[in-house]
Amino acid sequence: MEIDILQIAICSGLLLMAIISSLCNVFFRRLPHSIFSDNDDMALPKFSIVISTHDSAPDLQKNLPYFLSQVYEPGYEVIVVDESSTDDTNNVLKLLKKEYKNLYTTFIPTSSKYLSRRKLALTVGVKAAHNEWIIFSDADCRPYSDKWLKAFSHFCNNENNIVMGYTQFDENTKSFYRFERMISSWYTFRKALNGMAYRHCGANLAIRKSDFMKKNGFLKNLKYLRGEYDFIVNEYAQSDRTAVVTSEDSFMLQDTPSKKTWTNTRLCYMETRKHLNRSHSYRARFNIDMLVLHLNYIGQISVLAYSVFVEDIVFMIAAICCFFITVCMRFIIAKRACAFWGESISAAKIVVMEIGLLWSNMKLMIKYATSDKNDFIRK
């Protein structure tokens, strides 16, 4: 069997693409593990945890005690802002206030129009806060550990003005939802650590009250229904002053979202990103990674199909070998990423879901393009 120069060139190209496509993988780009000592003598800050809620009585009853039971000596307060709920939210909060003295509640009136009630509620919560460091979260979330505040506290110092933490969907959530959250967080955290943060996905975010008040909070984007954490990070981030905390104690667990909630959240981001700075550079990285990934698979399939058609065993072996190299490398990288976040997603599923993510995004873009853009604005 003779091998000519063309075969060598094509086979070498396939091998090179297999390696490059594996390196063009956000999970290959490492995130640092957060390391700190429990005996650290640094002065730790007090916190104000701000949570906005609307008709979320069961979520509050389930999750709020986790916020209120943190082991944190410097002290903290939890401020829940009710967006004029019509369910049993008020009664749940009254019962919890009797048990927990660090719980404070307030509300916004039903008459608020032409602006996002969620953003207004968070603004009210920040104004009511007694401490400099604010942590935002949601009613359907709960801290992974009772040392959650301690994990955040070591990064809330003079060197940082924003601290970002990971929000993990609970184990009953669809693997694809959890994978999408994992990969989105990895991109956003990498962006934050390499200069200027772009956005934050999840509900585990700390910011200085003085910064928020100085720039009038959400004043520039109050009319947009959602994207509150994206807008905060995008507007208030300063160069090299955003910290990312990745220790397990710092994780936030979020209840399983419905398909409608998950889809609407992603649709809202498609509207939000049109109004964010640094969007093009952030999206370019993702698009390049996806392009290289798909070109690699397309090249392998094309060469394999050609080899079957012309009965060329060299091309067939090369295509199959390069495919297995790609899958194996991405499997190893995905497995490491899952271990980093403590995710129980099968690494083999991730290799498949990486391909599905692009097509899921394209389907969502079509849905967004045909939607009424007024649905994303408070009326």
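A residue is called buried here when its relative accessible area is under 20%, and by that cut-off aspartate 230, at 6% relative accessibility, counts as buried. The model is a predicted one, and aspartate 230 offers a way into it through its partner, arginine 199, with which it forms a salt bridge whose closest N and O atoms are 3.0 Å apart. Arginine 199 is buried as well, with a relative accessible area of 9%. Because arginine 199 lies in the loop between α6 and β8, while aspartate 230 belongs to helix α8 (residues 228-236), the pair ties together parts that are 31 residues apart in sequence.

The loop that holds arginine 199 leads back to helix α6. With 19 residues, 175-193, α6 should span 27 Å at 1.5 Å a residue, and this agrees with its end C-alpha atoms, which are 27 Å apart. Of those 19 residues 16 are buried, so α6 is largely enclosed by the rest of the structure. After the helix comes glycine 195, whose phi is positive, near 125°.

On the other side of that loop the chain enters the sheet. Seven strands make up this open sheet, in the order β3-β2-β1-β4-β8-β6-β9, and their pairing is mixed. Its edges are formed by β3 (103-107) and β9 (242-245), each of which pairs on one side only, and from one strand to the next the twist averages 20°. Strands pair in such a sheet through backbone hydrogen bonds, either parallel or antiparallel. At the β3 edge, β2 (residues 76-82) and β3 are parallel and share five bridges, with isoleucine 79 standing opposite tyrosine 104 in β3. Across β1 (47-53), β2 and β3 lies helix α3 (residues 89-99), which runs at about 155° to β3.

Strand β4 (residues 133-138) shows both senses of pairing: six bridges join β4 to β1 in parallel, whereas four bridges join β4 to the antiparallel strand β8 (residues 205-208). Isoleucine 51 stands opposite serine 137 in the first of these pairings, and phenylalanine 136 stands opposite leucine 205 in the second. Six of the six residues of β4 are buried, and both of its faces are covered, with Trp133, Ile135 and Ser137 on one side and Ile134, Phe136 and Asp138 on the other.

Phe136 also appears in the largest nonpolar core, which has 93 residues and in which Phe27, Leu64, Val78, Phe136 and Phe179 touch the most other members. Helix α6 gives the most to this core, with nine residues. Leucine 64, leaving aside residues up to four places away in sequence, touches Ile51, Asp59, Val78, Val80, Leu93, Leu96 and Leu103. Another core, of nine residues, lies apart from the largest one and has Ala18, Val303, Ala318 and Ala319 among its members.

Charged pairs complete the picture, and the structure holds 14 salt bridges. Glutamate 228 and arginine 226 form one of them, with their closest N and O atoms 2.7 Å apart; glutamate 228 is buried at 2% relative accessibility, but arginine 226 is partly exposed, with a relative accessible area of 33%. In another, arginine 330 is joined to glutamate 354, the closest N and O atoms being 2.7 Å apart. That pair links helix α11 (residues 313-341), which holds arginine 330, to helix α12 (residues 347-369), which holds glutamate 354, across 24 residues of sequence. Arginine 330 counts as buried at 2% relative accessibility, and glutamate 354 is also buried, with a relative accessible area of 2%. Finally, salt bridges with shared partners join Glu83, Arg118, Asp138, Arg226 and Glu228 into one network.

Terms used:
Residues numbered from 1 in each chain as written. Predicted model: local features only at pLDDT ≥ 70, side-chain atom pairs only at ≥ 80, totals over all residues. Heavy atoms only, no water. Helix = DSSP H or I, 4+ residues; strand = E, 2+ residues; numbered from the N terminus. Expected span 1.5 Å × (residues − 1). Buried < 20%, exposed > 50% of the residue type's maximum accessible area, 1.4 Å probe, protein only. Pairing = 2+ DSSP bridges. Axes fitted to C-alpha atoms, helices over the stretch in contact; angles between N-to-C directions. Contact = heavy atoms within 4.5 Å. Core = buried A, V, L, I, M, F, W, Y, C linked by side-chain atoms within 4.5 Å. Salt bridge = Lys/Arg side-chain N within 4 Å of Asp/Glu carboxyl O.
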